[in-house]
Amino acid sequence: LPGRGLWLTARRDIVAAAVGKRLFARAAKAPVVVETGLEDRIEALLAQRCAELLGLARRSGLAQAGFVKVKAALAKGEVAVLVEATDGAADGRAKLGVPAPGVAVVACLTASELGAAFGREHAVHVALRPGRLSDVFLAEARRLAGFRGGAKVDVSER
């Protein structure tokens, strides 16, 4: 995770173990005060970063939200990353079918978090076109998935 020279793998259990064993102070070779709930704060900041990246992609025309638009983009082969809300209905997510090979499927944000990135109350399906922004989003989504149980980031290989 980004910081001031103390690096950890982006997983909740690893951060909790580092806090519990006082590894930050050992690595810094100085007294370090770690705030209570560091894992929750990191998770919230990673979720915020992912939502901000989706908002940037939306404003640049690289992201679309909504079942019909996402399904059309998938049919045209214009999707690099398919983002599904973690709290969306399983049958709703299954309606899109299996994405083409190489399409990453991300499920680490809630419908309200996805919706906020698009100026809506909620969104269940989001498609990102190929490009640097989708690569950066995918990297940040992998970090977030390490903090959220049940979250997934997979690449379709069919």
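# A tour of the predicted model

The protein has 7 helices and 5 strands. What you have open is a predicted model. Begin with the whole chain, then go inward, then out to the surface.

**Stop 1: the whole chain**

Colour by secondary structure and follow the sequence. The order of elements reads α-α-α-β-α-β-α-β-α-β-α-β. Along the principal axes, the C-alpha atoms fill a box of roughly 55 × 35 × 30 Å.

Now show the surface. About 8,900 Å² is exposed, and carbon and sulfur atoms supply 54% of that area. Of the 158 residues, 41% count as buried.

Colour by charge next. There are 24 positive and 16 negative side chains. The centres of these two sets lie 4 Å apart.

A contact map is worth a look here. Take the contacts between residues at least 6 apart in sequence: 71% of them join residues at least 24 apart.

**Stop 2: the largest nonpolar core**

Hide the surface. Select Leu-54, Val-81, Val-106, Leu-109, Leu-114 and Phe-137. These touch the most other members of the largest nonpolar core, which has 38 residues.

Which elements give two or more residues to this core? On the helical side, they are helix 1 (12-20), helix 3 (38-59), helix 6 (111-117) and helix 7 (132-145). The strands are strand 1 (63-65), strand 2 (81-85), strand 3 (104-109) and strand 4 (125-128). Helix 3 supplies the largest share, with 8 residues.

Apart from this core lies another, of 9 residues. Select Ala-73, Leu-74, Leu-82 and Leu-96, which are among its members.

Now centre on Val-106. Leave out residues up to four places away in sequence, and its contacts come in three groups. One is Val-81, Leu-82, Val-83 and Glu-84. Another is Phe-137, Leu-138 and Ala-141. Lys-152 and Val-153 complete the list. Note Leu-82 in that list: Val-106 touches it, and Leu-82 belongs to the other core.

**Stop 3: His-125**

Move to strand 4 and select His-125. Is this residue buried or exposed? His-125 is buried because its relative accessible area is 6%, under the 20% cut-off.

Show what surrounds the side chain and backbone. Beyond residues up to four places away in sequence, His-125 touches Gln-64, Ala-65, Gly-66, Phe-67 and Val-70. Val-83 is also on the list, as are Gly-92, Arg-93 and Leu-96. Leu-96 has come up before, as a member of the 9-residue core.

**Stop 4: Glu-43 and Arg-148**

Return to helix 3 and pick Glu-43. This acidic residue counts as buried, at 16% relative accessibility.

What joins the side chains of Glu-43 and Arg-148? A polar contact of 2.9 Å does. Display it as a distance label.

Then widen the selection. Not counting residues up to four places away in sequence, Glu-43 touches Arg-12, Leu-144, Phe-147 and Arg-148.

**Stop 5: the N-terminal part**

Select Trp-7, in the segment before helix 1. Trp-7 counts as exposed, with 59% relative accessibility. Put a C-alpha distance on Trp-7 and Ala-27: they are 9.5 Å apart in space and 20 residues apart in sequence.

Next, the loop between helix 1 and helix 2 (23-28) holds Arg-22. Check the backbone there. Arg-22 has a positive phi of about 55°, although it is not a glycine. Arg-22 counts as exposed, at 67% relative accessibility.

Step to the loop between helix 2 and helix 3, where Lys-29 is found. Lys-29 also has a positive phi of about 55° and is not a glycine. At 77% relative accessibility, Lys-29 counts as exposed.

Between these loops, select Leu-23 in helix 2. Leu-23 counts as partly exposed, at 32% relative accessibility. From Leu-23 to Thr-110, the C-alpha distance is 32 Å, across 87 residues of sequence.

**Stop 6: a long line across the model**

Finish at Ala-75, in helix 4 (residues 67-76). Ala-75 counts as exposed, at 69% relative accessibility. Draw a C-alpha line from Ala-75 to Arg-26. How far apart in space are Ala-75 and Arg-26? The two are 53 Å apart, with their positions 49 residues apart in sequence numbering.

Key:
Residues numbered from 1 in each chain as written. Predicted model: local features only at pLDDT ≥ 70, side-chain atom pairs only at ≥ 80, totals over all residues. Heavy atoms only, no water. Core = buried A, V, L, I, M, F, W, Y, C linked by side-chain atoms within 4.5 Å. Buried < 20%, exposed > 50% of the residue type's maximum accessible area, 1.4 Å probe, protein only. Helix = DSSP H or I, 4+ residues; strand = E, 2+ residues; numbered from the N terminus. Contact = heavy atoms within 4.5 Å. Polar contact = N/O pair within 3.5 Å; in protein donor to acceptor, adjacent residues only side chain to side chain. Areas by Shrake-Rupley, 256 points an atom, 1.4 Å probe, with all protein chains shown as cover. Lys, Arg positive; Asp, Glu negative; His and termini not counted. Charge placed at Lys NZ, Arg CZ, Asp CG, Glu CD.
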